[in-house]
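User: I'd like to learn how to read a few features of a protein model. Can you walk me through them in plain terms?

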Amino acid sequence: MRKIGFIGSGNMASAIMGGIIKKQIFQPEEIIASDLFEEARKKAKENLGICVTDQNKQVVKESEVLVLSVKPQFYEEVIHEIKDEIRKDQIVITIAPGWTLEKVAQTIGGSHKIVRTMPNTPALVGEGITGVCPNSFVEKEDLDYVLTILSSFGRAEVVPESLMDVVTAVSGSSPAYVFMMIEAMADAAVADGMPRQQAYTFAASAVMGSAKMVLETEKHPGELKDMVCSPAGTTIEAVGVLEKKGFRSALFECMRACVKKARGL
């Protein structure tokens, strides 16, 4: 019996597997993953040293913890294929927006241990944040075990299921907003003469450092902003432009739109 199995071996699954192996939670030979595409299986085997297969049912039969890491539109098809193989003692982890605990449970049928999660792409570099919500059949030791796994590629925090769509907006989708900001910052730096790659380095490093300050100082983001804004200085001049152009409201509205979309899935 292998410790953990993945149905789907794409970017998010690979990030999770990479974190697990790097933190030595499991050894590569304790992990199995399935994928429809031979190239994806070959890549996972070569890069991670795990066991791979094209049979989803094999993954279910051979794993203690099962991660459904296919895209949301394939969840129903995959679950119907494997549901008769899922055991009562097996922990099922989902990573699909829109798939509530109840919806997954009804699709599988019976009383199973299900943990709904929402990771994000910074997991690829070990800096992810994952929202976690267990159903009533998941015992404390099960949840602690899952949190250990999910913490291998960043942070993991338990949230009520009513907030899972908010998690999608504030962390699951938000790297896209940040990447757009970094790209825009770099474009402006290039316009004023900085080489492109150097502009990306400066912009990305500023964002990374600023985020670290929020987490490590635990100061209010507004207080940290005020620390940078000297009277009659360059920063407050720039902040004034952001306020005039609706920077805050644009972010606010984009997140509300993301939550609305997630709730409608």
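User: Let's start with Trp 99: does it count as buried or exposed?

Analyst: Two ground rules come with it. This is a predicted model, so local features need pLDDT of at least 70 and side-chain atom pairs count only at pLDDT 80 or more, while totals for chains, interfaces and linings use all residues. Residues are numbered from 1 along each chain as its sequence is written, and side-chain values use heavy atoms, with hydrogens and water left out. Now the idea: buried means under 20% relative accessible area, exposed means over 50%, and partly exposed is in between (1.4 Å probe, protein chains only). Trp 99 has 6% relative accessibility, so it counts as buried.

User: How many aromatic pairs are there, and how do I recognise one?

Analyst: Rings of Phe, Tyr and Trp (its six-membered ring) pair if their centres lie within 6.5 Å; planes under 30 degrees apart are stacked, over 60 edge-to-face, and the rest tilted. The count by this rule is two aromatic pairs. One is Phe 26 with Tyr 145, an edge-to-face pair at 6.2 Å centre to centre with 75 degrees between the planes. That pair links distant parts of the chain: Phe 26 is in the loop between α1 (11-22) and β2 (31-34), and Tyr 145 is in helix α6 (residues 140-150), 119 residues apart. On the labels, helices (H or I, at least four residues) and strands (E, at least two) are DSSP runs, numbered from the N terminus. Phe 26 is buried at 4% relative accessible area, whereas Tyr 145 is partly exposed at 28%.

User: And what about Tyr 75 and Trp 99: how are their rings placed?

Analyst: Their ring centres are 5.4 Å apart and the planes make 40 degrees, so the pair is tilted. Tyr 75 belongs to helix α4 (residues 75-82) and Trp 99 to the loop between β5 (91-94) and α5 (101-108), so the contact ties together parts 24 residues apart in sequence. Tyr 75 counts as buried too, with 1% relative accessibility.

User: Which charged residue sits over the ring of Trp 99?

Analyst: The rule here is that NZ of Lys or CZ of Arg must be within 6 Å of the ring centre and within 35 degrees of the ring normal. Lys 103 has its charged end over the Trp 99 ring, 4.2 Å from the centre.

User: Salt bridges next. How many are there by the rule?

Analyst: Side chains of opposite charge can pair when their charged atoms come close. A salt bridge needs a side-chain nitrogen of Lys or Arg within 4 Å of a carboxyl oxygen of Asp or Glu. By that rule you get twelve salt bridges. Among them is Asp 142 with Lys 113, whose closest N and O atoms are 3.0 Å apart. Asp 142 sits in helix α6 and Lys 113 in strand β6 (residues 113-118), so this bridge ties together parts 29 residues apart in sequence. Asp 142 is buried at 11% relative accessible area, and Lys 113 counts as buried at 15%.

User: Why are Lys 140 and Asp 144 separated by about one helical turn?

Analyst: An α-helix has 3.6 residues a turn, so residues three or four places apart point the same way. Lys 140 and Asp 144 are four residues apart in helix α6, which puts about one helical turn between them. Their side chains meet in a salt bridge (2.8 Å, N to O). Lys 140 counts as exposed at 61% relative accessibility, while Asp 144 is partly exposed at 34%.

User: Which residues make the nonpolar surface patch?

Analyst: Patch residues have over 30% relative accessible area and no salt bridge; like charges are joined within 9 Å, nonpolar side chains (Val, Leu, Ile, Met, Phe, Trp, Tyr) within 5 Å. The areas come from the Shrake-Rupley method with a 1.4 Å probe, and for residues only the protein chains shown count as cover. Val 178, Met 181, Met 185, Leu 242, Phe 247 and Leu 251 make a patch of about 430 Å². Helix α8 (174-191) gives the largest share, three residues. Met 181, in helix α8, is partly exposed at 31% relative accessible area.
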